[in-house]
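Trainee: Got a minute to go through this one with me? I'd like to pick it apart piece by piece.

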Amino acid sequence: MPKPAVTLIGAGLVGALLAALLAQRGFAVTVYERRRDPRVAGYAGGRSINLALAERGLHGLRLAGMTGTVMELAVMMRGRMVHHRDGHTELLRYGRDDSEVIWSVSRGRLNTALIEAAENAGARFEFDRRLTSARFGDGVTLAFEDEAGEASERHVPFAIGADGAGSALRTAMNAARPLGERIEPLGHGYKELEIPALPDLPESALVPEEASALSRGDVFAIEPHALHIWPRGNYMCIALPNAEGSFTVTLFLPNEGDPSFATVDSPAAARAMFERDFADALPLIPDLDKDFAANPVGVLATLYLDRWHLDGRALLVGDAAHAIVPFHGQGMNCGFEDAVELADLFTANAGDIASLFAEFERRRRPNAEAIAAMALENYVEMRDSVADPAFLLRRELGRLLASRHPDRFVPRYSMVTFTRIPYAEAFARGATQERLLRELTQGRSRLDEIDLVEADAKVRREIEPLAA
Ligand SMILES: Cc1cc2nc3c(=O)[nH]c(=O)nc-3n(C[C@H](O)[C@H](O)[C@H](O)COP(=O)(O)OP(=O)(O)OC[C@H]3O[C@@H](n4cnc5c(N)ncnc54)[C@H](O)[C@@H]3O)c2cc1C
């Protein structure tokens, strides 16, 4: 059977990986992208500057033959470096050792490398083509506009929307037949700031012990191999390293209340908050005032849809189908899983597109809903619980039980981050494990107060072994 031609809207992270995987498998792929070609015009950002890549995302890149290129650009992050209010820091490792880490990558470089790989495999990109509307009849008629306002149309049998959280294809599909769309705002937003590389920082920025801990040739002003967190209860800052030595700092604040983006609404107010709440970070951000004034407040929300496809004529993938809040660092990773699953379905049976789209939605939607829920829960963990002794005790016990029962008890964070156990299964197993940890640590404050014989018996009784 001849392979169908595939039309994608959006050459972001997910669209570009999907284009690469399909083109490598012999499909004729055309991608329409709103922005200009990043290889010519430079990368026009939008969302976060860097992001955390974990096993699910790496798997997709491996299949596309991209790990070599990407890992050259990546910085390893071993765990969360928690910056407490009193200034002391501690590293909470993500996994057992350096085989269980995550990687900070530049969004722009990763996106550009994926476009390059897709094009090398034969995918065709049309840049500066913003989808403005779509009409569904016998197939789909796509209407585009370029930057100069010039309109054009294409008629294709079906289109796949990888055009992100504000998807224009989704809007058109929803108008043709409601998708059951719900957008739940988080009520918190974010703003990006920068810790420059060491040579670009004024000497006065470093406290003496930090300065003496650095060796000649260092370019990172703080520990490079960590995701830094300043948890402050209802709000927080995080910082991810960039390969050339800087860190991208993201300040997360509620939209209302105090402090919030309503009260911290000027560089002076931001400086006052940093002096009070993030005192050790402030000297490292010399352009705080400029960054705060120039960078917009990003909106955070979760997107839920009851349907991801319009029979065999249109399908949504990645953020267009399931945008989530960024606190598990999984939005792209989940979208890369979508790309792999969809490319596999096309490869196995590209005959009946409506059944293929329905099968994709059946496989992926429960998993997307599970990671959406876990990402929301992780916000509380990051901004609040990492400084909570009861949470830390549960975490310590969880790690001990994981070492005693590696076939049954895997911390939820590890299942999500270091394995490809379906998100829905990780969510369900995580709930059982959390209940068990709460029961075992009830009224205890130290690990040696916990009855391990009882704990072992509970694990064996209540948690099924993982499938091999
Ligand atoms: C602050 C923040 C931090 C994050 N951190 C992480 C992280 O650490 N790890 C992680 O895995 N995920 C993270 N994410 C999530 C991640 O950014 C998204 O899940 C990912 O970008 C989704 O990729 P996508 O290709 O579906 O959408 P996008 O990356 O949004 O790409 C959509 C593409 O479609 C194009 N487009 C849009 N509209 C049109 C149109 N009308 N016509 C044609 N083209 C169009 C856009 O220009 C873009 O190229 C984070 C998100 C945020 C906001």
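Mentor: Sure, let's begin at the ligand: one of its nitrogen atoms sits 2.9 Å from a polar backbone atom of Leu131. Keep in mind that this is a predicted model.

Trainee: Which atom of Arg35 lies 2.5 Å from the ligand, and what does it face there?

Mentor: A polar side-chain atom of Arg35, and it faces an oxygen atom of the ligand. Gly12 also comes up to a ligand oxygen, but with a backbone N or O atom, at 3.3 Å.

Trainee: And how much of the ligand does the protein bury?

Mentor: The protein buries 92% of the 990 Å² that the ligand exposes when taken alone.

Trainee: How many residues surround the ligand, and which are the closest?

Mentor: There are 31 around the ligand, and the closest are Glu33, Arg35, Ala52, Arg107 and Asp319. By class, that shell has 13 nonpolar, nine polar and nine charged residues.

Trainee: Which element gives the largest share of the shell?

Mentor: That's α11, with three residues. Helix α11 covers 331–348, and α1, β3 (50–53) and β9 (130–137) join it in each supplying at least two shell residues.

Trainee: OK, switching to the core. Which residues have the most contacts inside the largest nonpolar one?

Mentor: Leu142, Ile160, Leu169 and Phe346, in a core of 76 residues. Helix α1, residues 13–24, gives the most to this core, with ten residues. Apart from that core there's another one, of 33 residues, with Tyr190, Leu240, Tyr413 and Tyr423 among them.

Trainee: What is Leu169 in contact with, leaving aside its neighbours within four places in sequence?

Mentor: Quite a list: it includes Leu131, Phe136, Leu142, Ile160, Asp163 and Leu315. So Leu131 turns up twice in our chat, since a polar backbone atom of Leu131 is also 2.9 Å from that ligand nitrogen, while Leu131 is in contact with Leu169 too.Trainee: Any odd backbone spots? Where is the cis peptide bond?

Mentor: It runs from Asp258 to Pro259, with omega near 0 degrees. Pro259 has its place in the loop between β16 (247–254) and α8 (267–277).

Trainee: What about Asp128 and its phi?

Mentor: Phi of Asp128 is near 55 degrees, a positive value in a residue other than glycine. You'll find Asp128 in the loop between β8 (124–126) and β9. Asp311 has a positive phi as well, near 30 degrees, and lies in the loop between β18 (309–310) and β19 (314–316).

Trainee: Why does Asp128 get called buried, and Asp311 partly exposed?

Mentor: Asp128 is buried because its relative accessible area is 18%, and the cut-off for buried is under 20%. Asp311 has 25% and is partly exposed.

Trainee: And His405, buried or exposed?

Mentor: Buried, with a relative accessible area of 5%. His405 lies in the loop between α13 (389–404) and α14 (412–418). Leaving aside neighbours within four places in sequence, His405 is in contact with Asp456, Val459 and Arg460.

Trainee: Last one: which residues of helix α3 are buried?

Mentor: Arg56, Gly57, Leu58, His59, Gly60 and Leu61, in a helix that spans residues 55–63. Just after α3, Gly65 takes a positive phi of about 70 degrees.

Definitions and conventions
Residues are numbered from 1 along each chain as its sequence is written. This is a predicted model: local features need pLDDT of at least 70, side-chain atom pairs count only at pLDDT 80 or more; totals for chains, interfaces and linings use all residues. Side-chain values use heavy atoms; hydrogens and water are left out. A nonpolar core is a set of buried Ala, Val, Leu, Ile, Met, Phe, Trp, Tyr and Cys residues joined through side-chain atoms within 4.5 Å. Buried means under 20% relative accessible area, exposed over 50%, partly exposed in between (1.4 Å probe, protein chains only). Helices (H or I, at least four residues) and strands (E, at least two) are DSSP runs, numbered from the N terminus. Contact means heavy atoms within 4.5 Å. A residue is near a molecule or strand if one of its heavy atoms lies within 4 Å of it. A polar contact is a pair of N or O atoms within 3.5 Å; within protein, one must be able to donate a hydrogen and the other to accept it, and residues adjacent in sequence count only if both atoms are side-chain atoms. Accessible areas come from the Shrake-Rupley method with a 1.4 Å probe; for residues, only the protein chains shown count as cover. Ala, Val, Leu, Ile, Met, Phe, Trp, Tyr, Cys and Pro count as nonpolar, Asp, Glu, Lys and Arg as charged, and the others, Gly among them, as polar.
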